[in-house]
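Hello,

Here is the structure we talked about handing over. Please load it first, then read my notes below.

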Amino acid sequence: MEGECRASPARSWGLPAGGAGGDSPGGDVPLPGSISSSALLQTEVLDLDEDEDDLEVFSKDASLMDMNSFSPLMPTSPLSMINQVKFEDEPDLKDLFITVDEPESHVTTIETFITYRIITKTSRGEFDSSEFEVRRRYQDFLWLKEKLEEAHPTLIIPPLPEKFIVKGMVERFNDDFIETRRKALHKFLNRIADHPTLTFNEDFKIFLTAEAWEFSSHKKQGPGLLSRMGQSVRAVALSMKGVKSRPEEFMEMNNFIEIFSHKINLIDKISQRIYKEEREYLDEMKEYGPIHILWSASEEDLADTLKSVASCIDECCKATEKRMSGLSEALLPVVHEYVLYSEMLMAVMKRRDQIQTELDSKVEALTSKKADTDLLTEEIGKLEDKVECANNALKADWDRWRQNMQNDIKSAFTNMAEENILYYEQCLATWESFLTSQTDLHLEEASEDKL
Amino acid sequence: MTESNFSLKKIEISVSEAEKRTGRNAMNMQETYTAYLIETRSVEHSDGQSVLTDSLWRRCSAFEWLRNYLLVYYPHIVVPPLPEKRAEFVWHKLSADNMDPDFVERRRIGLENFLLRLASHPILCRDKIFYLFLTQEGNWKETVNETGFQLKADSRLKALNATFRVKNPDKRFIELKHYSDELQSVISHLLRVRARVADRLYGVYKVHGNYGRVFSEWSAIEKEMGDGLQSAGHHMDVYASSIDDILEDEEHYADQLKEYLFYAEALRAVCRKHELMQYDLEMAAQDLASKKQQCEELATGGELFSIWGVTTQLFGQETPEQREARIKMLEEQIKEGEQQLKSKNLEGREFVKNAWADIERFKEQKNHDLKEALISYAVMQISMCKKGIQVWTNAKECFSKM
């Protein structure tokens, strides 16, 4: 796994076998706040009342999907399909704008935690108002994610930032950690809002709009702890069984996910490592420039040249800082989000497999005539529908996810390249102007000598 | 080419090769050393054509002998320094191994530079031992030895003593000593930090190389993104490998600075010689003054005020003849002493004059060379930036096509 290196054994520039460089981009570089507030002003809002009905396009039977009771069922009508496609093709026609900001620390006798302010602006009819402001903590986001996963087991739910970052964290609530998390939470909610199906999820709506007390009481509803535990035990038992035969396209998908996951993790590590190396380079450069100033103090003829060199190095330091800031904004969070996405994808594949295994085990039971065949046949019918829904949901969402991933990765790396170009252009300008000033001096001195 | 019309300004000297050799040393033990081929060409005709006139091998120790000889016989000259024997201020990639071919190559260039410095020095270029170094294949060491330079060298202890005790050294030399200390300290610091900067820069570039490999592996599972990833990965490899040449060039810049780091010691050597001479002068003057005082005391018979008086009182009176004899001896010594003082004074002034002339020459050379070095550093940075722009522009194109 070593990259090209002729280094001494003490350092290696390839990736170590274990985990490494998992530090979040720290440093004193302030990261700018969210930009979606400006998006709010620019994008026009389209009245999409009709699409309100376009929910849960793929589901046929509510009990199987364990959907929340507020959303109406819709058959897969051609009209609703067209509406959905139109929605996806015109992403500018957003009608739901969300920002996450203003982290605040709350101290109680039991614990300390951070809440984030969430502002929602919308023109949708099903919302009681056009603007909402609530405060939520990480736990609440976790709840939302779990509800979405329950409701749509084979849709690709956007990832949440990690609960903890194990390495390099001294204190849970340092500013960089909070800022990075805030940005990731902002992304999380916006991704849900952009998702053609998830955006109309009722729990999502409640999350965005409910007041504190209303929200807590809503959270307590739903399947109890015991039944949830029971479900997960069953799930484990099923997954132990393993899936018998995955359809071809899902085999391919699984293969892709495995390799993608491996590669994106590597890229995450590489990018973090580059950031770290750049930081250390910057630290050394900051010491390098001033030495020339020190030297100029004991020189006469050379003093000016030395001072100019020092100021060039200083300019290059500034350019490096800018490059680092660009990297930590444009590249690192995107790559890291996709690392989390890859974990999400594997979970989705598992859940799909579980649904299929459920069907397979019932079919097996039927063929071995172990139980009441009539009941089994009915159950199998329902399960076949369930499997078909799940597969279709995943397929469609998969294509959408692939497309998004391509765009996101493309723009992240293009930005990285752009940052590097800007960096080198700045440094080039600095050194070239130094050179010109020195050559001018030379000519001046030469002409003075002639006099 | 005879010695008399030997004008080194019309010759070209090059240290063209370095070779590892093994041989037996003075204690009949096997040793490995490096020998260098020195070629001398004279530029005879106006068309600038050069003819190879001499070619011989010298090992490191010969260079050291040459320099030590020059230090002894030209104490008023800032003698050019030799390149370092051991690689110092290294950063991670460079090995500190003296047998490393890159190091040997840089040493070769350094030794050539040393000889060129000697050849372009108005006074040193005319030295016979230097001429023989370039031309006399065998017995050169014996010839140098015969000059007795090793015996003539001032002892370190003597020099240290003089530095502490000298009362009135020329102010300019005190300033020069301070300057050389500052120069040494600041260049050392600069070289150390430069090495660390180089280390970090190496890291930044090389880690990018990992992108190349991973992109290539990833491209295998992508249909639309595959080509873009693959070709971008290639550019990342190019970027990562470009640092090797960049840092190689920078090493030459470091060598230029190192030469002046070592020149600081040469400056101090001149200052030390001045202090030694001045101290010698002061001691001689002090000695003369005390002898004069003695003489006076004897002449005026003021025994009570001098130790001579006390001793003669203690050990009995001396005869007038004895006293006369002593006075005569002292008077002789005083005369001698006065002569010596005069000549030492003259010597001292000559030394200061000549030394200062060379120091002025050195200052001009230093300002010129270091300015050139700093400019060459800027040129290297510019080249590095241009390469960077090109690679990342190519990479950006690949990314945008994904």
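Start with a cysteine. Cys389(A) counts as buried because its relative accessibility is 10%, and the cut-off for buried is under 20%. Keep in mind that this is a predicted model. Chain B has a buried cysteine as well: Cys295(B), with a relative accessible area of 9%. How many disulfides does a search of the whole structure find? The result is zero, over all chains.

Chain A overall

Chain A has 451 residues, and 47% of them count as buried. Its secondary structure comes to 11 helices and three strands. Reading from the N terminus, the order is α-α-α-β-β-β-α-α-α-α-α-α-α-α. Put in words, three helices come before the three strands, and helices follow them to the end of the list. Now the contacts within chain A. Take those between residues at least 6 apart in sequence: 75% of them join residues at least 24 apart.

A buried polar residue in chain A

Look at Asn201(A). Where does it sit? Asn201(A) lies in the loop between helix H5 (175-194) and helix H6 (202-209) of chain A. Asn201(A) has 4% relative accessibility, so this residue counts as buried. Its side chain also has a partner: the side chain of His152(A), in a polar contact at 3.4 Å.

The interface of chain B and chain A

The size of an interface is often given as the accessible area lost when the parts come together. Here, chain B and chain A bury about 6,500 Å² between them. Carbon and sulfur atoms carry 69% of that area. In chain B, the residues that lose the most area to chain A are Arg200(B), Tyr211(B) and Lys371(B). Together they make up 11% of what that side buries. By contacts, 65 residues of chain B meet 67 residues of chain A.

Next, the polar side of the interface. Eight salt bridges are counted between chain B and chain A. The side chains of Glu418(A) and Lys396(B) form a salt bridge, at 2.2 Å from N to O. Across the interface there are 16 residue pairs in polar contact, with both residues at pLDDT 80 or more.

Which helices of chain B each supply at least two residues of the side that touches chain A? They are H7 (171-219), H8 (226-300) and H10 (320-400). H7(B) gives the most, with 28 residues. By type, the residues on that side of chain B divide into 35 nonpolar, 19 charged and 11 polar.

Best regards

Methods: Residues numbered from 1 in each chain as written. Chains lettered and ligands numbered in written order. Predicted model: local features only at pLDDT ≥ 70, side-chain atom pairs only at ≥ 80, totals over all residues. Heavy atoms only, no water. Helix = DSSP H or I, 4+ residues; strand = E, 2+ residues; numbered from the N terminus. Buried < 20%, exposed > 50% of the residue type's maximum accessible area, 1.4 Å probe, protein only. Polar contact = N/O pair within 3.5 Å; in protein donor to acceptor, adjacent residues only side chain to side chain. Contact = heavy atoms within 4.5 Å. Buried area = accessible area lost by both parts, 1.4 Å probe. Salt bridge = Lys/Arg side-chain N within 4 Å of Asp/Glu carboxyl O. Nonpolar A, V, L, I, M, F, W, Y, C, P; charged D, E, K, R; others polar. Disulfide = S-S within 2.5 Å.
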